[in-house]
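Trainee: I should like a close look at a single part of this structure. Please describe one strand and its surroundings, and then turn to the nonpolar core.

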Amino acid sequence: MSTTAVDFGNKRVVARVRRRPPFSLTLAASLLGAAVVLPVIYLAIRTFEAGSETLADILFRPRVAAIILRSFVLVAIVSAASAVLALALGWLIERTDLPFRRLWSIVTVLPLVIPSYIMAFLFISVFAPRGMVQRIFAEPFGIQEIPSFYGLPGAAIVLILVSYPYTLLTVRAALRGSGRALEEASRTLGKGPWETFFRVTLPQLRPAIASGSLLVALYTISDFGAVSLLRFETFTWAIYVQYTSYVDRTAAAALSIVLVGFAIVIFLATTRVHGEQAFEETHQAELGGADQSSTPLGRWKYPALALCSLTTFVALVIPMAVLLFWLIRGVSAGEELGIVWGAAINSAVVSGSAATVAVVAALPVVVLAVRYPGFFSSAIDRVSHMGFALPGLVIALALVFFGSRLVPALYQTHAMLVFAYLVLFLPVAMGPLRSSLLQVNPRVEEAGRTLGKRPLQVFSTITIPLLRPGILAGGALVFLTAMKELPATLLLSPLDFGNLATRVWAASSEAFFAQAALPALLLVVISAIPMMFLIGRRRTAQA
Amino acid sequence: MFRLLIGLIGVLLLIAAVGCQGRPDPTATSAPTSVPEPTTAPRVASAQGPGELVVYSGRSESLVGPIIEQFADATGIDVSVKYGSTSEIAATILEEGANSPADIFFAQDPGGLAAVESMFATLPNDVLSHVPANFRSPDGKWIGLSGRARVIVYNTDRVSPGDLPSDLRGFTDPEWEGRIGWPPTNGSFQAMVTAMRVIWGETETRAWLEGIQANNPQTYPKNTPTVAAAGAGEIDVGFVNHYYLYRFLAEEGEGFAARNAHLTGGGPGAMILVAGAGVLDGADNSENAIKFIEFMLSTVAQQYFAGSTYEYPLIEGVNVNRLLTPLADINAPEVDMADLGDLEGTLDLLRDTGVLP
């Protein structure tokens with residue numbers, strides 16, 4: 001297996017050889033492309049209903065330019081900070097002898113399942129100028145108001161906390177997939193752990209950081225819950241304002257089209273990094289099976305533990321503690337709590353289906369994009385990301401429009417809901433898959449071909465097992481994202497359908513805090529269970 | 001450490017289980033026998049049973065779920081509900097168009113109903129006559145089912161009711177600089193601005209919006225966070241609907257540091273708005289939809305709204321919740337719902353003054 005390191009230099013050549021993709025692959029990817037392009041078609045229909053004058057009027061409203069700038073600033077801050085945090089946590093969990101790694105591997109991912117509007121509301125009740133922190137810690141010292149949490153700082157912090165797991169899981173999948181031969185070689189050559197990290201590990205992780213950051217960036221531009229509560233007016237906020245004002249579906253569509261352009265810019269910026277495709281290596285760790293030695297942290301163990309604890313404390317313990325407080329306060333005041341078991345089962349079933357379907361569907365798109373780069377494959381790749389870049393409500397309404405007209409028999413069924421999740425979350429599954437596939441040496445696949453295997457056989461017996469870390473991470477991310485999804489769940493689910501996310505929303509929007517707390521806590525707790533199997537760090541094999 | 005996690009999960013599941021047992025059976029308390037069959041309800045030929053009804057509700061399940069359940073129990077109708085926010089549901093009905101599975105749209109505010117008005121059937125006169133003319137659509141397309149008052153929610157530590165101006169115009173005074181919170185994207189707020197344009201005229205409404213803007217108001221996305229902010233003392237006053245406060249008092253107890261005030265001088269800031277419903281034109285179950293409206297205007301349902309959601313009943317003979325100021329004591333302006341149709345003009349004004357993007 002060490003041969004991969006030897007002929008490292010030739011691999012780019014291998015990757016660049018142009019081949020025609022198998023027909024089945026093109027067909028599968030095209031069908032998906034057709035599905036995910038639906039929202040964009042819908043937006044085009046709605047936008048062109050308006051005359052060009054109205055359109056210009058909408059797009060050149062005085063505040064639009066400022067809002068675009070603000071959105072860019074927020075996206076840049078959230079993606080960069082998430083990348084740094086994810087890189088540190090990912091490396092500690094996958095590569096070192098950090099204590100309690102199995103625990104950290106699960107709890108550091110769970111903040112993703114907390115809906116952003118809930119996270120924002122909880123943070124406001126704790127950190128707002130006159131929130132709990134001020135009342136408990138500052139008031140006794142005569143401090144009447146603590147610095148404002150509203151605006152950019154609050155929005156950025158909350159969005160980092162709910163979205164860094166996208167980069168974290170993508171990076172972790174890449175770390176699991178890549179062998180340590182290069183890192184060990186670097187150490188053998190006398191380089192220290194820091195130099196090895198920055199000169200060997202980090203460059204290897206660039207495609208994963210880019211894939212994860214793309215998801216974080218798209219999540220950030222499409223978020224409404226956090227930015228509206230924390231009063232940072234972004235583009236998606238402006239789009240929602242059009243919908244809440246009832247009459248302006250055209251303005252909402254026109255602004256959404258701008259958001260599509262916005263997303264393409266972000267996409268191009270991050271895929272430039274993918275394009276280099278420089279580091280492909282066989283999965284030594286996976287093929288070898290055994291877990292290899294970990295970097296000893298030594299006295300760095302304590303700062304490392306502090307980082308993990310602090311992240312978990314802020315992103316998970318604080319929100320859960322406030323929820324628990326709501327619950328206890330409500331129950332002791334005689335509040336009735338609704339039944340949530342049915343809702344919990346609904347959440348688990350639809351999110352589990354979404355994760356499975358999204359990962360299966362992402363495979364052909366990713367294989368086509370990575371192995372057969374070209375105009376067609378990159379077009380499908382790009383379109384696939386639109387569902388995640390646009391506000392959930394826009395996607396939901398697009399599918400309401402097509403679903404109720406074209407497939408009335410399927411409209412408002414579980415199948416329709418899972419299809420909506422597919423359109424929304426396809427890129428979430430693609431991120432970790434892409435960075436995993438970039439690590440699989442095409443030569444391994446070609447070896448399979450020369451031994452007389454058919455392409456599909458090679459794919460299922462060689463590529464898929466090598467992609468395992470990416471498949472599990474992608475599935476986990478889609479599961480967590482689907483657990484909290486709201487607009488599509490409300491509008492496209494079967495009648496009388498309720499899950500944990502809709503329960504949390506229904507109760508919290510009318511200030512039934514105790515009733516909201518129970519399903520919100522269950523959202524986190526129930527999500528922890530599949531995470532143990534999907535991404536829990538396996539116990540280190542005893543030497 | 002890992003066991004700790006398992007332990008935590010166990011504790012939460014236990015709480016969930018206890019929570020389930022704590023829920024009373026809604027049918028046990030509602031005593032369905034006492035539900036009057038509305039006398040004016042058209043009798044459906046009972047050969048094919050009570051039939052079905054698809055409700056699209058822009059009102060939260062937490063508020064209207066129990067009363068919809070009572071309706072189903074009382075009539076035997078197989079009721080299915082889709083919940084969402086009023087604006088999302090309105091947009092959904094518009095996108096579905098003629099294919100909409102909905103029979104009836106139960107909305108949070110008149111703006112949501114007006115948005116889909118063209119898709120509503122005209123309601124029968126005997127149904128419309130249940131509520132006063134100013135609480136229903138002028139064309140008989142929709143009808144109010146419960147009332148809510150526009151109020152000033154104020155922080156009790158920082159403001160005493162005596163400090164409040166007698167009408168909304170007083171809040172443009174520089175003494176309110178940095179002390180005001182409002183939710184300008186909220187439907188009820190926008191309806192209030194429309195009423196302002198009707199009562200005060202365009203020029204004065206524009207001047208008022210600019211005056212409040214000059215006082216740097218805090219902007220909230222909805223009523224709930226506005227009331228929460230008033231309770232926390234983040235703002236001194238907020239322009240909201242009245243009933244959110246009572247939810248906070250129920251959750252946090254009397255210590256919640258905010259209360260409502262009705263503006264003594266009346267005007268748009270003291271107006272009464274309605275939540276209501278309309279029946280979709282060509283609905284499969286329009287007779288059951290009419291039954292739904294009749295039920296919601298029955299004494300039982302109106303008592304539910306007064307008692308459980310802290311709203312104002314719209315029919316005679318139902319007592320207002322004792323926590324609320326009776327309607328007769330509110331100096332509400334005379335505004336016809338017919339005059340509140342020009343939401344577009346209000347939105348233009350809100351954009352022009354930079355309140356909305």
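**Strand E9 of chain B and the nonpolar core**

Mentor: In this predicted model, B:Arg148 has B:Leu273 in E9(B) as its bridge partner. Strand E4 of chain B, residues 143-155, pairs with E9(B) through 6 bridges in the antiparallel sense. E9(B) also has bridges to strand E3 of chain B, residues 104-107: 4 of them join the two strands, which again run antiparallel. Here B:Phe106 lies opposite B:Ala277 of E9(B). The strand that receives these bridges, residues 272-279 of chain B, is mostly covered, with 7 of its 8 residues buried.

From the strands we may pass to the nonpolar core. The largest such core comprises 296 residues, and B:Phe105 is among those with the most contacts inside it, together with A:Ala358, A:Ala420 and A:Phe425. Helix H22 of chain A, residues 414-439, supplies the largest share of this core, 17 residues. From chain B, domain 1 (53-147 + 273-325) and domain 2 (148-271 + 348-353) each contribute at least three residues to this core. Beyond its neighbours within four places in sequence, A:Ala420 is in contact with A:Ile395, A:Ala396, A:Leu399, A:Ala488 and A:Leu492.

One helix of chain A merits a separate remark. The 31 residues of H18(A), residues 341-371, should span 45 Å at 1.5 Å a residue, and the 44 Å between its end C-alpha atoms therefore agrees. H18(A) nevertheless bends by about 30° at A:Ala362, and A:Pro364 follows within four residues.

Technical notes: Residues are numbered from 1 along each chain as its sequence is written. Chains are lettered from A and ligands numbered from 1 in the order in which they are written. This is a predicted model: local features need pLDDT of at least 70, side-chain atom pairs count only at pLDDT 80 or more; totals for chains, interfaces and linings use all residues. The expected span of a helix is 1.5 Å times one less than its number of residues. The bend at a residue is the angle between axes fitted to the seven residues ending there and the seven starting there. A residue is buried if 20 or more other C-beta atoms lie within 10 Å of its own, exposed if 12 or fewer, and partly exposed in between; C-beta atoms are placed from the backbone. Two strands pair if DSSP finds at least two bridges between them. A nonpolar core is a set of buried Ala, Val, Leu, Ile, Met, Phe, Trp, Tyr and Cys residues joined through C-beta atoms within 7 Å. Domain bounds come from an automatic or database domain assignment. Two residues are in contact if their C-beta atoms, placed from the backbone, lie within 7 Å.
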